[in-house]
Amino acid sequence: MTLADSAFLRACRRQPVPHTPVWFMRQAGRSLPEYLKLREGVPMLQACATPDLIVEITLQPVRRYGIDAAIFFSDIVTPLKAIGVDLDIHPGIGPVVADPIRDLKGLDALRPLEPDDEPYVTESIQSLVKELGDTPLIGFAGAPFTLGSYLIEGGPSRNHDRTKAMMYGEPRLWHALMERLTEIVLEHLLIQIRAGASAIQLFDSWVGAVAPDDYREFVLPYTRRIFEGVRSVPRIHFGVGTGELLGVLGEAGADVVGVDWRVPLDEAARRVGPGKALQGNLDPAILLAPWEVVEPRARDILRRGRQAEGHVFNLGHGVLPNTDPDQLKRLTDLVHEG
Ligand code: CP3
């Protein structure tokens, strides 16, 4: 097997696979004891700028589970940090922005990302690609809507009120913000691809808050531009609570559409339409139940996934912090055995 022939890249391209490939969103970090040990006393954003740590943390789940792809250890806000946005990641909370963007003046904080703003990204990915051999490395970025939400709200938000208030009430400001973020996100993905990432995932985690027509008007032009700009590798597009958006997400141009646990994969394939592979979609909370509960549900997902033109097994959202790593190991083995 070669890298280009790996089950993961083949499934993304909708080619036949020897077994269903599997990886887990947020597999690096979170529940692994070896991760928690490495991170002791190191703030998250410092870890994300330290190549030795990035490489080791990215490899940990690959060694432990034997999954089909690695995901670069970082966070969606690191390119914003790299251009000087004053923000931090608070344990148990998430990204917190010191000066939320609420007006045109606020946009000044978002200068373009230059290719050499993130030397630790390039250096880590170059080492990882050597270490990983035939295992693909997924680069990633947060999508403009989700990054915009953190920047406008100033931190995590339940209903994204201020974000939507800007989107509906100040559409010119909204579009100007989305344009700046689009260029930053695109450059961040290109930096990862140039360094050797063999696929990318765009996380639009919170875009499920938006209705389909509003998605078309306020979000789609930007996600489309990003996917057009990274055609050289398979592209995965993921959001939470996007059941009603699956059709329009299909129009954004990714090769693979991620599905959360709310829509069964056979139904998701129908909603997304032809010409796409799917990724998903076990509810991460199911892994907190005994294995006897997990097994039939995982098999059901494999069965429904066969209705899609390609299937990458994953959770419907990130691994929960209190997940037993042994459950993820058993799940990986089950998916591989088919
Ligand atoms: O394994 C992987 O998937 C790679 C690493 C990764 C992290 N964040 C590490 C992280 C990835 C892909 C992300 C993406 C990310 N970050 C998203 C999109 C994915 C999703 O879950 O929807 C979002 C929305 C963020 C923003 C963010 N950063 C949140 C919500 C949190 C969690 C806060 C918490 O502690 O629960 C973070 C912090 C974060 N990102 C941690 C890690 C390992 C924890 C940091 C710490 O413990 O100090």
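Are Phe 203 and Phe 238 buried or exposed? Both Phe 203 and Phe 238 are buried. The structure is a predicted model, and this briefing covers its aromatic pairs and the surroundings of its ligand.

**Aromatic pairs**

- The search of the whole structure yields 6 aromatic pairs.
- One of these pairs joins Phe 203 and Phe 238 in an edge-to-face arrangement, with 6.1 Å centre to centre and 80° between the planes.
- Because Phe 203 belongs to strand E5 (residues 199-203) and Phe 238 to strand E6 (residues 235-238), their pair ties together parts that are 35 residues apart in sequence.
- Phe 140 joins Phe 203 and Phe 238 in a cluster linked by ring pairs.

**Ligand site**

- The ligand occupies the space of the largest pocket.
- Helix H2 (33-39) and strand E3 (94-97) are the elements that contribute two or more residues to the shell around the ligand.
- The ligand is surrounded by 26 residues, of which Arg 26, Ala 28, Asp 75, Ser 205 and His 317 are the closest.

**Polar contacts and coverage of the ligand**

- The side chain of Ser 205 places an N or O atom 2.5 Å from an oxygen atom of the ligand.
- The backbone of Gly 92 has an N or O atom 2.8 Å from a ligand oxygen atom.
- A polar backbone atom of Gln 27 lies 3.1 Å from an oxygen atom of the ligand.
- On its own the ligand has 870 Å² of accessible area, and the protein covers 89% of that area.

Note on methods. Residues numbered from 1 in each chain as written. Predicted model: local features only at pLDDT ≥ 70, side-chain atom pairs only at ≥ 80, totals over all residues. Heavy atoms only, no water. Phe/Tyr/Trp six-rings, centres within 6.5 Å; stacked < 30°, edge-to-face > 60°. Helix = DSSP H or I, 4+ residues; strand = E, 2+ residues; numbered from the N terminus. Buried < 20%, exposed > 50% of the residue type's maximum accessible area, 1.4 Å probe, protein only. Near = heavy atom within 4 Å. Polar contact = N/O pair within 3.5 Å; in protein donor to acceptor, adjacent residues only side chain to side chain. Areas by Shrake-Rupley, 256 points an atom, 1.4 Å probe, with all protein chains shown as cover. 1 Å grid on protein atoms, 1.4 Å probe; cavity = no way out; pocket = protein on both sides within 12 Å on 5 of 7 lines; lining within 4 Å. Sits in = over half its atoms within 2 Å of the grid points.
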